[in-house]
Amino acid sequence: MDTYWNHNTAFHEELVADAKNRGGRVLDVGCGDGLLLQRLAPFVEQVVGIDPDPEAIVHARQRLSAVSNVSLVVGDFLTMPVPSQEELFSSVICVATLHHMAPRSALLKMRQVLAPGGRLLIVGLAAEKSIMDVVVVGLLALPIRVVDRIHGGMKDPDVRIVDPKESLREIRQVAHEVIPEAVIRRRFYYRYLLSWDKPKGISE
Ligand SMILES: C[S@@+](CC[C@H](N)C(=O)[O-])C[C@H]1O[C@@H](n2cnc3c(N)ncnc32)[C@H](O)[C@@H]1O
């Protein structure tokens, strides 16, 4: 199956490089058609993708048919069983999917399934609610259009899409309550990147 470029896959290289440093088991929450899993698989022990869309998982299975260290689950991340202590994930990655779920429940679950010493990485979309949000989006419009052209345009896979409801400020508030040490920064391509290292001493 083909690879393609869009405002989500633009982060893949960075995400793979980061996960590679830790190795171990990696979970992709909302894995869609599995392109990120395909890119992660050669560098880590095992990759697990979960997505409630059966068609997306069919595409992911086709893409990953020759890959042995992958496990694909049709399901809702929020109700996914928490793995045993030994099977907790070294990296939990979530690209353009947090806004499909209730953010507090999703962050709590991500915290639970992450191994102590592991890292959570979320590439997210936020709603524009403040003047600052609107100004930033306005300033980015032209440079992003130029970069899109350089990449020959975007190709979006056939996955479920919804508009984000929470603003970056609201995401920061929830993250501050659930994973206070999380670092959240605005990034190019109308995205933010949330990064959180789970302290080694905590089990939940
Ligand atoms: C915009 S797509 C992003 C897919 C992929 N991460 C990418 O970057 O192309 C959002 C994905 O989140 C999935 N999704 C929605 N609700 C979910 C949930 N509760 N648990 C896991 N995945 C979910 C959708 O089915 C969809 O595939």
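How many residues lie between strand 6 and strand 7 in their hairpin? Keep that question in mind while we look at the whole chain, and remember along the way that this is a predicted model.

Let's begin with the overall picture. The chain has 6 helices and 7 strands. If you start at the N terminus and walk along, the elements come in the order α-β-α-β-α-β-β-α-β-α-α-β-β. The radius of gyration is 16 Å, close to the 17 Å that the globule rule gives for 204 residues, so the chain is as compact as a globular protein of that length. Another way to picture its extent is a box drawn along the principal axes: the C-alpha atoms fill one of roughly 45 × 40 × 30 Å. Of the 204 residues, 33% count as buried. The fold also brings together parts that are far apart in sequence: take the contacts between residues at least 6 apart, and 71% of them join residues at least 24 apart.

Now we can return to the opening question. Strand 6 and strand 7 form a hairpin with 3 residues between them. Strand 6 covers residues 183–187 and strand 7 covers residues 191–197. The two strands run antiparallel, and 5 bridges join them. In the loop between these strands you will find Tyr189, and Tyr190 is there as well. Both are worth a look for their backbone angles. Phi of Tyr189 is near 65 degrees, a positive value in a residue other than glycine. Tyr190 is also a residue other than glycine with a positive phi, in its case near 55 degrees. How open are their surroundings? Tyr189 counts as partly exposed because it has 18 C-beta neighbours inside 10 Å. Tyr190 is partly exposed too, with 16 other C-beta atoms within 10 Å.

Stay in this part of the chain and find Arg186, which is in strand 6. Its bridge partner in strand 7 is Tyr192. Setting aside neighbours within four places in sequence, Arg186 is in contact with Val136, Leu168 and Tyr192. Val136 is 50 residues away from Arg186 in sequence, yet their C-alpha atoms are 9.3 Å apart in space. Because 14 other C-beta atoms lie within 10 Å of Arg186, this residue is partly exposed.

For a buried residue, turn to Val47 in strand 2, which spans residues 46–51. Val47 counts as buried because it has 29 C-beta neighbours inside 10 Å, where 20 or more is the mark of a buried residue. Beyond its neighbours within four places in sequence, Val47 is in contact with Val26, Asp28, Leu37, Leu40, Ala41, Asn69 and Val70. Phe77, which is 30 residues from Val47 along the chain, has its C-alpha atom 15 Å from that of Val47.

Next, let's see how the helices are placed. An α-helix has 3.6 residues a turn, so residues three or four places apart point the same way. Helix 3 (residues 54–63) has Ala56, Ile57 and Ala60 as buried residues. They cover an arc of only 95 degrees around the axis, which puts them on the same side of helix 3. What do the buried residues of helix 3 pack against? Their partners are helix 2 (35–40), strand 2 and strand 3 (70–74). The face turned away from the buried side carries the exposed residues Pro54 and Gln62.

Helix 4 (residues 103–113) can be read in a similar way. Its buried residues are Pro103, Ala106, Leu107, Lys109, Met110 and Val113. Because they cover an arc of only 160 degrees around the axis, they are on the same side of helix 4. Among the elements that cover them are strand 1 (25–29), strand 4 (89–95), strand 5 (114–124) and helix 6 (168–178).

Finally, which residues come nearest to the ligand? Of the 22 residues around the ligand, they are Asn8, Gly30, Gly32, Phe77 and His100. You have already met Phe77 as the residue whose C-alpha atom is 15 Å from that of Val47. The shell around the ligand divides into 13 nonpolar, 5 polar and 4 charged residues.

Note on methods:
Residues numbered from 1 in each chain as written. Predicted model: local features only at pLDDT ≥ 70, side-chain atom pairs only at ≥ 80, totals over all residues. Near = placed C-beta within 6 Å. Nonpolar A, V, L, I, M, F, W, Y, C, P; charged D, E, K, R; others polar. Buried ≥ 20, exposed ≤ 12 C-beta atoms within 10 Å, placed from the backbone. Helix = DSSP H or I, 4+ residues; strand = E, 2+ residues; numbered from the N terminus. Arc of directions from axis to C-beta. Contact = placed C-beta atoms within 7 Å. Rg over C-alpha atoms; globule rule 2.2 N^0.38 Å. Pairing = 2+ DSSP bridges.
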